[in-house]
Amino acid sequence: MRAVVQRVSEAFVEVEGEEVGRIGPGLLVLLGVGHGDTVEDALYLARKIVALRIFPDEAGKMNLSLKEVGGEVLLVSQFTLYADTRKGNRPSFVRAAPPDLGKRLYEAAIEAFLQQGVHVETGVYGAHMRVHLVNDGPVTLILDSEAKAERFRSR
């Protein structure tokens, strides 16, 4: 599972001209689900994202987590995070999860954020969306649940 995490002062998402989710200060999370991903991947990424110390403390250092600043999450599904562009100019999405698995794990991620006491707004799974954001910093991180497996293999 892959996530692009952007610290924002505000963000919202529209579907067919209607706003479906909006947050103030917090994190915009673009989430992609791959073929081999599981609920454990969703839980891992949600816990990791909530714990990231990427908000400024009183000295201006990135030292506080989402929960410590009372931030929100706007979670948007994005299968294109699994694009393979190594061959030719048209991206291949064969590594992206099929829609039923992708939706199930996207919903598991929503629940994982909620269980940690984080307010979550969402886009609409599978819809064409317009995402608006004011990136704060800018701070943008890329996370991959495969790192979890690699960390345990290296021990």
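Leu105 touches Met1, Val33, Asp37, Thr38, Val39 and Ala42, leaving aside residues up to four places away in sequence. The model in which these contacts are found is a predicted one. Leu105 belongs to helix H3, and its relative accessibility of 0% puts it among the buried residues, because buried means under 20%. Leu105 and Leu43 are 62 residues apart in sequence, yet their C-alpha atoms are 9.4 Å apart in space.

Two of the residues that touch Leu105, Met1 and Asp37, also touch Ser145. Ser145 sits in the loop between strand E8 and helix H4, the latter covering residues 146–153. With a relative accessibility of 2%, Ser145 is buried as well. Its further contacts, again without residues up to four places away in sequence, are Asp41, Tyr44 and Leu45. With Asp41 there is also a polar contact, made between the two side chains at 2.8 Å.

From Ser145 the path leads back into strand E8, which spans residues 129–144 and includes Thr140. Thr140 is partly exposed, its relative accessible area being 42%; this value is too high for a buried residue and too low for an exposed one, because the limits are 20% and 50%. Outside the stretch of four places on either side in sequence, Thr140 touches Val4, Val5, Gln6 and Asn135. The side chains of Thr140 and Asn135 form a polar contact of 3.1 Å. Between Thr140 and Val8 there are 132 places in sequence, but 9.4 Å from C-alpha to C-alpha.

Strand E8 also holds Pro138. The peptide bond that leads from Gly137 to Pro138 is cis, with omega near -5°. Most peptide bonds are trans.

Gly137 is also among the residues touched by Arg7. Arg7 is part of strand E1, residues 2–15. Is Arg7 buried or exposed? Its relative accessible area is 7%, so Arg7 is buried. Beyond four places in sequence, the contacts of Arg7 include Val134, Asn135, Asp136 and Val139, and also Gly26, Leu27, Phe55, Pro56 and Met62. Ile54 is another of its contacts, and the side chain of Arg7 reaches the backbone oxygen of Ile54 at 2.6 Å.

Strand E1 is joined to strand E2, residues 18–23, by 5 bridges, and the two run antiparallel. Within this pair, Phe12 stands opposite Arg22 of E2. The hairpin of E1 and E2 has 2 residues between the strands. Glu16 lies in that loop and has a positive phi of about 50°, although it is not a glycine. Most residues other than glycine have a negative phi. Glu16 is exposed, with a relative accessible area of 78%.

Another strand to follow is E6. How many of the 6 residues of E6 are buried? The number is 5, so E6 is largely enclosed by the rest of the structure. Strand E3, residues 26–32, pairs with E6 in the parallel sense over 6 bridges, and Leu31 has Ser77 of E6 as its bridge partner. E6 is also joined to strand E7, residues 120–122, by 3 bridges, and these strands run parallel too. In this pairing Leu74 stands opposite Glu121 of E7.

Ser77, the bridge partner of Leu31, leads on to the largest pocket. This pocket holds about 360 Å³ of space. Its lining has 19 residues, and those nearest its centre are Ser77, Gln78, Phe79, Thr80 and Gly126. The elements that give two or more residues to this lining are E6, residues 72–77, H3, residues 99–115, and E8. The largest share, 3 residues, comes from H3, the helix in which Leu105 lies. By type, the lining consists of 13 nonpolar and 6 polar residues, with no charged ones.

Terms used. Residues are numbered from 1 along each chain as its sequence is written. This is a predicted model: local features need pLDDT of at least 70, side-chain atom pairs count only at pLDDT 80 or more; totals for chains, interfaces and linings use all residues. Side-chain values use heavy atoms; hydrogens and water are left out. Helices (H or I, at least four residues) and strands (E, at least two) are DSSP runs, numbered from the N terminus. Buried means under 20% relative accessible area, exposed over 50%, partly exposed in between (1.4 Å probe, protein chains only). Contact means heavy atoms within 4.5 Å. A polar contact is a pair of N or O atoms within 3.5 Å; within protein, one must be able to donate a hydrogen and the other to accept it, and residues adjacent in sequence count only if both atoms are side-chain atoms. On a 1 Å grid over the protein atoms alone, a cavity is a set of points where a 1.4 Å probe fits but cannot get out, and a pocket is an open set with protein on both sides within 12 Å along at least five of seven lines; lining residues have an atom within 4 Å of a point. Grid points are joined across faces, edges and corners, and a volume is the space filled by probe spheres set on the points. Ala, Val, Leu, Ile, Met, Phe, Trp, Tyr, Cys and Pro count as nonpolar, Asp, Glu, Lys and Arg as charged, and the others, Gly among them, as polar. Two strands pair if DSSP finds at least two bridges between them.
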